[in-house]
Amino acid sequence: MSDESASGSNDARNQFRPEDHDNDHFILTTIVGSYPKPKWVDRSRELYNDPDADFDGKAWQEAKDDASRLITDEHERAGLDVVVDGEMRRNEMVEYFAHRISGYEFNGPVKVWGHNYFDKPSVVTDVEYDETWLVDEYEFTSEVAERPVKVPITGPYTLASWSFNEAYDDEESLAYDLADLVNEEIEKLVEAGARYIQIDEPALATTPDDHAIVGGCLERIADGIPDDVYLGLHVCYGDYSRIYPEILEFPVDEFDLELANGDFEQLDVFRDPEFTANLALGVTDAHTAEVESVEEIKANIRKGLEIVPPEQLTVSPDCGLKLLPRDVAYGKMANMVQAAREVEAELDAGEIDIGGEAVSADD
C-alpha cells in the first residue's frame, strides 16, 4: 500500500473517533462480528419453524429486532467505538448469504466437527444478485445505535470454497462472480449510509496458496467504492507467512488478524517488510472462556504498537465471540476498551516509546 493510500485509510478511519474522546491518541475499538445470542433467540427460531406453534413471521421479526437492539446497546455500554449488532439475524456465515443469492440450493446438513453440523449449500446455476442481504440489518442497527456501525460480510472466496460447486468450471470463476455480487451489495450499503465494511475470509487461512484469487476478488469488490468507506479484511488464524507480504497489495484499508489465539507467536511475520496498512489486532482470545485482565490486554495492545503506530491500530477480540458465555464476551469487550484507553493515556504521557526501537510488551 502506498503512502498516499495509507493516508487515505487514516482519513477514513478518523471518522470513527468520538468527538468527546478524552485522549490525544486514538486506538479504535470494535469487535469482529458475531456475539452470543440471548437464549430466547434460538428458542424463537425453533417456534417460528414449528408449524404447530403459534409463532408467526411478525413475532419472529420482533424477536430478532429485540435481540439486535439489546446487543447493540451492550456493545455501547462496553464502550466500543464501532459496534455491530452481534449478527443476531444470522444463523451461519455462509448459509445466511446463500439463502439470499440466486443460484444456491440446500440439500441438508453436513457434519463439520464433533456434533456440529453446517447446512452446506450447492451452487447449481450461475449466481445472481436477487435481494439485498444486509441493508435492512444495517439500517435497523444504525437507527438504534448512538455510535458508528460496522457491517461484516462473508467474502466471495469463502462463499465459494465452503459450498459445493455444481455449476462452474472451477472455484475461481465462482469466486469472481460472487465478488461482483458483494460489490453490488456494498454499493447498496453505502447508499444506506454504511462507512465501515469488513470482508470475512476465514477460508483464506486454510488455503493460503489462493491469496491471488482473494486479491482478485477484492479488486472487484473495491471497484467504485468511495474513499470515505473504510474497508477491512478479516482473516482467521493460519500460517500468515504464506500470505504476507502479498496481502499488502490487497485494496483494503485494514487487515484484521487473529493473533491472540496463537499467543502472538506470528507477530514477527509482519515486521519485515514494514506493515503499511492499518492493523486490526486481536487482543483477547475468542476461543477461551476466561476474561483477560486489563493489564494482560494492555500488554497485547503494546505488541500491536511494535508493528504499527497508534493511528493505524484497531483492537478487537481476535475472532467472533458467538460461542462464549455472554457475560464472558461482555467482560472481554469492557476490559479491552479500558485497556485501550489506558494505553492511549500512557502514549499521551510519553510513557510508551513508539519511535525508533520497538517497545516489547514483556519489558
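Before I turn to the structure, one term is needed: a residue is called buried when its relative accessible area is under 20%. Please also keep in mind throughout that the model is predicted.

I begin with an aromatic pair to which that term applies. Trp 60 has a relative accessibility of 9%, so this residue counts as buried under the 20% cut-off. Its partner is Tyr 48, which is partly exposed at a relative accessible area of 37%. In all, the count of aromatic pairs comes to 13. For Tyr 48 and Trp 60, the ring centres are 6.0 Å apart and the planes meet at 20°, so this pair is stacked. Tyr 48 belongs to helix α2, residues 39–49, and Trp 60 to helix α3, residues 57–78, so the pair ties together parts that lie 12 residues apart in sequence.

A second pair has another geometry. The rings of Phe 270 and Phe 275 have centres 5.8 Å apart and planes at 80°, so they are edge-to-face. Phe 270 is buried, with a relative accessible area of 2%, and Phe 275 is likewise buried, at 2% relative accessibility. Which aromatic cluster includes Phe 270 and Phe 275? The two residues form one cluster together with Tyr 240, Tyr 244, Phe 250 and Phe 255.

Aromatic rings also appear beneath charged groups. The charged end of Arg 89 sits over the ring of Phe 140, at 4.8 Å from the ring centre. Likewise, the charged end of Arg 100 sits over the ring of Tyr 96, with a distance of 3.7 Å to the centre.

Phe 140 leads us to helix α5, residues 135–144. Which residues of helix α5 are buried? They are Val 135, Glu 137, Tyr 138, Phe 140 and Thr 141. The cover over these buried residues includes helix α3, helix α4 at residues 95–98, strand β6 and helix α7.

Let me now move to the sheets. As general background, strands of a sheet pair through backbone hydrogen bonds, in either a parallel or an antiparallel sense. In this model, an open sheet of seven strands runs in the order β1-β12-β11-β10-β9-β8-β6, and its pairing is parallel. Strands β1 and β6, the latter at residues 151–154, stand at the edges with a single partner strand each, so one side of each has no neighbour in the sheet.

Strand β12, residues 313–317, deserves a closer look within this order. How many of the residues of β12 are buried? Five of its five residues are buried, and the strand is described as mostly covered. On one hand, β12 is joined to strand β1, residues 28–29, by two bridges, and the two strands run parallel; here Thr 29 stands opposite Val 315. On the other, five bridges join β12 to strand β11, residues 278–284, again in parallel. In that pairing, Thr 284 has Pro 317 as its bridge partner. The connection between these strands involves helix α10, residues 294–304: β11, α10 and β12 make a right-handed β-α-β unit.

Strand β11 also pairs with strand β10, residues 254–257, in the parallel sense over four bridges. In this pairing, Leu 257 stands opposite Leu 281.

There is a further open sheet, of three strands, with the order β2-β5-β7 and mixed pairing. Its edges are β2, residues 101–106, and β7, residues 164–165; each has a single partner strand, so one side of each is left without a neighbour in the sheet. Strand β5, residues 121–129, pairs with β7 in the parallel sense over two bridges, and Ser 122 stands opposite Phe 164. Helix α7, residues 171–192, packs on this sheet and touches β2, β5 and β7, while its direction makes about 50° with that of β5.

I close with a single cysteine. Where is Cys 217 found? Cys 217 is in helix α9, residues 211–222. Is this cysteine buried or exposed? Cys 217 is buried, with a relative accessible area of 1%. Leaving aside residues up to four places away in sequence, Cys 217 touches Pro 156, Ala 175, Tyr 176 and Ala 179. For a separation across the chain, Cys 217 and Leu 47 are 170 residues apart in sequence, and their C-alpha atoms are 39 Å apart in space.

Technical notes: Residues are numbered from 1 along each chain as its sequence is written. This is a predicted model: local features need pLDDT of at least 70, side-chain atom pairs count only at pLDDT 80 or more; totals for chains, interfaces and linings use all residues. Side-chain values use heavy atoms; hydrogens and water are left out. Buried means under 20% relative accessible area, exposed over 50%, partly exposed in between (1.4 Å probe, protein chains only). Two strands pair if DSSP finds at least two bridges between them. A crossover is right-handed if, with the strands pointing away from the viewer, the path from the first strand over the helix to the second runs clockwise. Rings of Phe, Tyr and Trp (its six-membered ring) pair if their centres lie within 6.5 Å; planes under 30 degrees apart count as stacked, over 60 as edge-to-face and the rest as tilted. A charge sits over a ring if NZ of Lys or CZ of Arg is within 6 Å of the ring centre and within 35 degrees of the ring normal. Contact means heavy atoms within 4.5 Å. Axes are lines fitted to C-alpha atoms, for helices over the stretch in contact, and angles run from 0 to 180 degrees between N-to-C directions.
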